[in-house]
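Welcome, and please open the model in your viewer. We will go from stop to stop, selecting a few residues each time.

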Amino acid sequence: MPWDIKKIICIVVPLAILLLPSRFIPIEGFSVVEHRMTAIFLMACLCWILEPIPVFATSVLIVLFELVLISDNGFVLFMPSAEDTTSFGVMLKYQEVLGVFASPIIMLFLGGFFLAMAGAKYRLDINLARVLTKPFGRRPQNIMLGLMIVTALFSMFMSNTATTAMMLAIVTPLLALFPKNDKGRIAFALAIPFAANIGGMGTPIGTPPNAVALKYLTEESAISFGTWMSFGVPYVAVMLTFTWLLLKWLYPVETKEIDLNIQGRFLMNRKALLVYFTFVMTILLWITDRLHGMNAYVVAMIPIAVFTTTGIINAKDLNKINWGVLWLVAGGIALGTGLEKTGLTNHIISSIPFSMFSPLLIIFLATLLTLGMATLMSNTATANLLLPLMAALGANLESLQALGGTRLIILVITFSCSLAMSLPVSTPPNAMAYASGVIETRHMAKAGLIIGVVGLISVYLLMAILHMIHFI
């Protein structure tokens, strides 16, 4: 679809909804604010799916339109008159909308970015890769497993994209050692992005959909950093093992031996040692949050403060932060806040007879929808669109509450977002691996589809186990 047509669709359709007279909306009790929020939500859907503008720019538009159209400090023409305050609906506080850019979730992700930047700057990442892959010897299959484990570990605490870039730089020279007709080249090229996608599910900061999920995992549904890892890491281990076996089977390696020679050594100057110590301490504090009482958001400020005050991260380094991801997450938080505070999510849920359906069927269809959407568009955008609706569904549907309510549906949808890895456009790691020229779309689709299906089944089993032990 041409760019101009995408732009026209993204402007005209939400505008038509916004200008539609209320009497033509067949929903009883539909307020003016909910009407406007529907137009904003539709704009976000179309812009994130068609991408006429960058995905983070859509997030900025969400915040702007919420401020102008449905906040208590909006444009004067959109404010309620004295006569229609009852039917107008609940307006958002403008401080609440602008506050999404300084949300604790954003700070948590920013702390992860600081750790990643400092680690890369002082060669912690490449040296850890060298040490961790050394025990896997010279057999290609074992080296591939070692590279996948290292990639998954890094992806739990670093950006998936940054991890993939680093690991592909290590793998690319290895690919030259394989003959052109050796399918093992395909296996190695796919192993890195798949491991990065899977590894991100292991911690709350591993991937942006996890950060979006944290907004809805609050109060009685809250999950600590260490608790998330207690079920996330075993799930990652199972999926990583399956992916390794699958790639070995689909694209067997014919070369008998290769030499993985990663050059480097740990720096031992004062700043480097401080980076190593801060990295280890931050992770330990995240894992043991229940012991010391500081939640993950508070702990995330430690590396930010340490690295900025000591000059380890300077003003020039700040330009390397992926602000687009942070804005994308912030836009998702703003969208969720708008849907929740205006009452639109509850209105949507109450208008559809979900109680007539089995909760298992609802979960199954929701995860399929998530997997399909995340395959064709950004998994973060998918999480931003679906999680607000699913959170309301989990909170209001009694049959789902019996299975775990909000916590269950949020975890299932979040994990499903990260399992979408069938196409180059599905995730940034996939796109980077595809750009290497070693793999074709059909190679990625064949393996990615199988991983997605098996991953969904594994998620269902994981949730069943967590329900049995009364975790959810």
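A disulfide here is a pair of cysteine sulfur atoms within 2.5 Å. Keep that cut-off in mind for the opening stop; note too that this is a predicted model.

**Stop 1: the cysteines**

How many disulfides does the structure hold? The number is zero. Select Cys 45 to begin: the nearest cysteine sulfur belongs to Cys 47 and is 9.7 Å away, and Cys 45 is in no disulfide. Cys 45 has a relative accessible area of 15%, so this residue counts as buried, the limit being under 20%.

Now add Cys 47 and Cys 10 to your selection. The sulfur of Cys 10 is the nearest cysteine sulfur to that of Cys 47, at 3.9 Å. Why is Cys 47 in no disulfide? Because a disulfide needs the two sulfur atoms within 2.5 Å, and the nearest one is 3.9 Å away. Cys 47 is buried as well, with 4% relative accessibility.

**Stop 2: two loops with positive phi**

Select Glu 51, in the loop between helix H2 (32–50) and H3. Its phi is near 55 degrees, a positive value in a residue that is not glycine. Is Glu 51 buried or partly exposed? At 41% relative accessibility, Glu 51 is partly exposed.

Next, jump to Arg 123. You will find this residue in the loop between helix H6 (104–121) and helix H7 (124–133). Arg 123 is another non-glycine residue with a positive phi, near 60 degrees. Its relative accessible area is 41%, which makes Arg 123 partly exposed.

**Stop 3: a nonpolar patch**

Switch to a surface view and select Phe 56, Val 60, Phe 101, Leu 318, Trp 323 and Trp 327. Together these residues make a nonpolar surface patch of about 490 Å². Which helices each supply at least two of the patch residues? They are helix H3 (55–70) and helix H17 (323–341). Pause on Val 60, which sits in helix H3 and is partly exposed, with 31% relative accessibility.

**Stop 4: a bent helix**

Finally, select residues 184–199, which form helix H10. Turn the view until you see the bend of about 30 degrees at Ala 191; a proline, Pro 193, follows within four residues. What about the span from end to end? At 1.5 Å a residue, the 16 residues should span 22 Å, and the end C-alpha atoms are 22 Å apart, so the two values agree. H10 is also mostly covered, with 16 of its 16 residues buried.

Terms used. Residues numbered from 1 in each chain as written. Predicted model: local features only at pLDDT ≥ 70, side-chain atom pairs only at ≥ 80, totals over all residues. Heavy atoms only, no water. Patch = residues over 30% accessible without salt bridge, like charges linked within 9 Å, V, L, I, M, F, W, Y side chains within 5 Å. Areas by Shrake-Rupley, 256 points an atom, 1.4 Å probe, with all protein chains shown as cover. Salt bridge = Lys/Arg side-chain N within 4 Å of Asp/Glu carboxyl O. Buried < 20%, exposed > 50% of the residue type's maximum accessible area, 1.4 Å probe, protein only. Expected span 1.5 Å × (residues − 1). Bend = angle between axes of the 7 residues up to and from the residue.
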